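Student: Could you take me through the ligand site of this model in detail? I'd like the surroundings as well, once the contacts are clear.

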Amino acid sequence: MSKVLITGAAGTLGQALIPVIAGAGYHLELVDIQPIESEYEFHQIDILDADALSPVMEGVDFVVHAAGLHGIHLSTRSPREFYSINLTGTFNVWEASAQAGIKGFVFCSSVSVYGESRRPPREDAVVALSENMPLLPSDIYGLTKFLGEEMSRYYVRRYGVPAVALRLGMFTPEPFFRHGIRLLYGGVDPRDVAQAVLKSIQAMEAGKIRWEVLNIASEVPFTKEDGPQLRKNPLPVLDKYYKDAVNLLKERGVERLYPIHEFIPISKAEEKLGFRPEYNFSWWLQELEQHPDYRTPKNPPWP
Ligand SMILES: NC(=O)c1ccc[n+]([C@@H]2O[C@H](COP(=O)([O-])OP(=O)(O)OC[C@H]3O[C@@H](n4cnc5c(N)ncnc54)[C@H](O)[C@@H]3O)[C@@H](O)[C@H]2O)c1
C-alpha cells in the first residue's frame with residue numbers, strides 16, 4: 001500500500017485527514033513543528049529545516065503539504081514569516097519530494113489567491129469565483145498561496161511529479177451558528193476538505209491527473225441571477241432553495257443576514273475528482289432542526 005506524508009499534521013486539516021487517509025488503507029507519515037500524540041510515525045520537524053526533511057521522504061509515495069500560516073495569522077505574524085514558512089517551507093517540501101521521486105503532491109492553496117477578483121463589479125452583483133478568474137492576491141497570505149501554486153506547477157513541469165492545488169474555502173473551527181452561516185459565505189467543513197484531499201491522491205494514483213487547480217468549498221445553489229437579492233437580503237434566496245429554512249432560522253433568532261458578495265463554484269472538482277461535499281448548509285439546517293435548544297447568540301449570526 002502507498003505511503004502518504006502529511007505536513008502540518010497537528011493542524012485542523014491534518015487532524016481531519018489522518019483518519020480519512022488511514023481509513024482508505026494508506027500508510028501514514030506525519031510531520032509538524034508541534035508535537036502530537038499519534039499511533040502513526042511522527043516527525044517533529046520545522047519545514048524550514050531542509051536537511052531534516054530529506055530523510056523522512058524516503059519511501060513516501062504522496063505528500064499532502066498542509067503546513068503553513070493562513071488567514072487567521074495575518075494579524076499576528078509578519079509578512080516575512082508568511083513568506084518564509086509558506087514559500088521557503090513549501091520549496092523545501094517540494095525539493096525533498098522531487099528528490100525522493102514521489103508519485104503525487106497535494107498543495108493546500110486557498111481562495112485568497114483571487115484577491116481583488118472577489119470584488120463585485122456592481123452593487124447588485126455577486127462574483128462566481130471560478131478557477132479561471134484572474135489571480136490578484138490582495139494580502140501576503142494570498143500572494144504566498146499564488147506563488148506556491150506557481151511553484152507546484154514548476155515541479156510538475158520540471159520533474160513530472162503529478163500535483164493538485166486545492167483552493168480551499170474557510171474551514172477553521174468555529175461555533176455551531178457561525179460555522180453553519182459561514183457555509184453560505186465561502187466556508188467548507190474540514191471533513192469535506194479531507195475527502196477532497198483523498199480523492200486527489202486517488203486520482204493521481206490512478207494516473208488521471210497530472211496537474212489540476214480546483215476550488216474546494218461547500219456546495220451552494222446560488223447563481224449570478226440571485227445577485228441583486230443576495231446583495232440586498234439573502235433570506236428570500238435561502239427560502240427559494242432550502243425548504244422552510246427562513247422559518248427555522250427566525251425561530252432560532254436569525255432575523256437577518258449580511259449581504260452575500262460571492263460564491264465558489266466547485267463543479268470542476270466534481271468533474272475531475274468526483275468530489276461532492278456532504279456537510280453543506282442543508283446538512284447544517286438538519287442539525288439545527290434536531291436541536292431545539294440551539295439559538296443564535298447574535299443577530300445577524302455572522303460575521
Ligand atoms: N483553515 C482554513 O480556513 C484554510 C483555508 C484555506 C487554506 N488553508 C490552508 O490549508 C492548510 C492547513 O490549514 P489548517 O487550518 O489545518 O492550518 P493550522 O494552522 O490548523 O495547521 C497548520 C499546521 O502547520 C504547522 N506548521 C506551521 N509552521 C510549520 C513549520 N515551519 N514546520 C512544520 N509545521 C509547521 C502548525 O504547527 C500547524 O499544526 C494551510 O496550508 C492553510 O494555508 C486553510
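How far does a polar side-chain atom of Q34 lie from an oxygen atom of the ligand?

Tutor: That distance is 2.8 Å, which fits the polar-contact cut-off (a pair of N or O atoms within 3.5 Å; within protein, one must be able to donate a hydrogen and the other to accept it, and residues adjacent in sequence count only if both atoms are side-chain atoms). Before going on: this is a predicted model, where local features need pLDDT of at least 70 and side-chain atom pairs count only at pLDDT 80 or more, while totals for chains, interfaces and linings use all residues. Numbering starts from 1 along each chain as its sequence is written, and side-chain values use heavy atoms, with hydrogens and water left out.

Back to the ligand. K145 puts a side-chain N or O atom 3.0 Å from a ligand oxygen, and T172 has a polar side-chain atom 3.0 Å from a ligand nitrogen. On its own the ligand has 820 Å² of accessible area, and the protein covers 92% of that (Shrake-Rupley method, 1.4 Å probe; for residues, only the protein chains shown count as cover).

Who makes up the shell? There are 28 residues around the ligand, counting any with a heavy atom within 4 Å; L13, D32, Q34, D46 and F171 come nearest. They split into 14 nonpolar, 11 polar and 3 charged, with Ala, Val, Leu, Ile, Met, Phe, Trp, Tyr, Cys and Pro as nonpolar, Asp, Glu, Lys and Arg as charged, and the others, Gly among them, as polar. In terms of elements (DSSP runs numbered from the N terminus: helices are H or I, at least four residues; strands are E, at least two), α1 (12–23), β5 (104–110) and α4 (140–159) each give at least two shell residues. β5 has the largest share, with 3.

β5 also belongs to an open sheet of 7 strands, ordered β3-β2-β1-β4-β5-β7-β8 with parallel pairing; strands pair if DSSP finds at least two bridges between them. β3 (41–44) and β8 (211–216) are its edges, each pairing on one side only. Inside the sheet, β1 (residues 3–7) and β4 (residues 62–65) run parallel and share 4 bridges, and V4 has F62 as its bridge partner in β4.

For context, UniProt's unreviewed entry has "domain: NAD-dependent epimerase/dehydratase" at residues 4–169; its positions are given in the numbering used here, feature names are shortened, and annotations may be inferred rather than shown by experiment. That stretch is 37% helix and 20% strand, with its end C-alpha atoms 23 Å apart.
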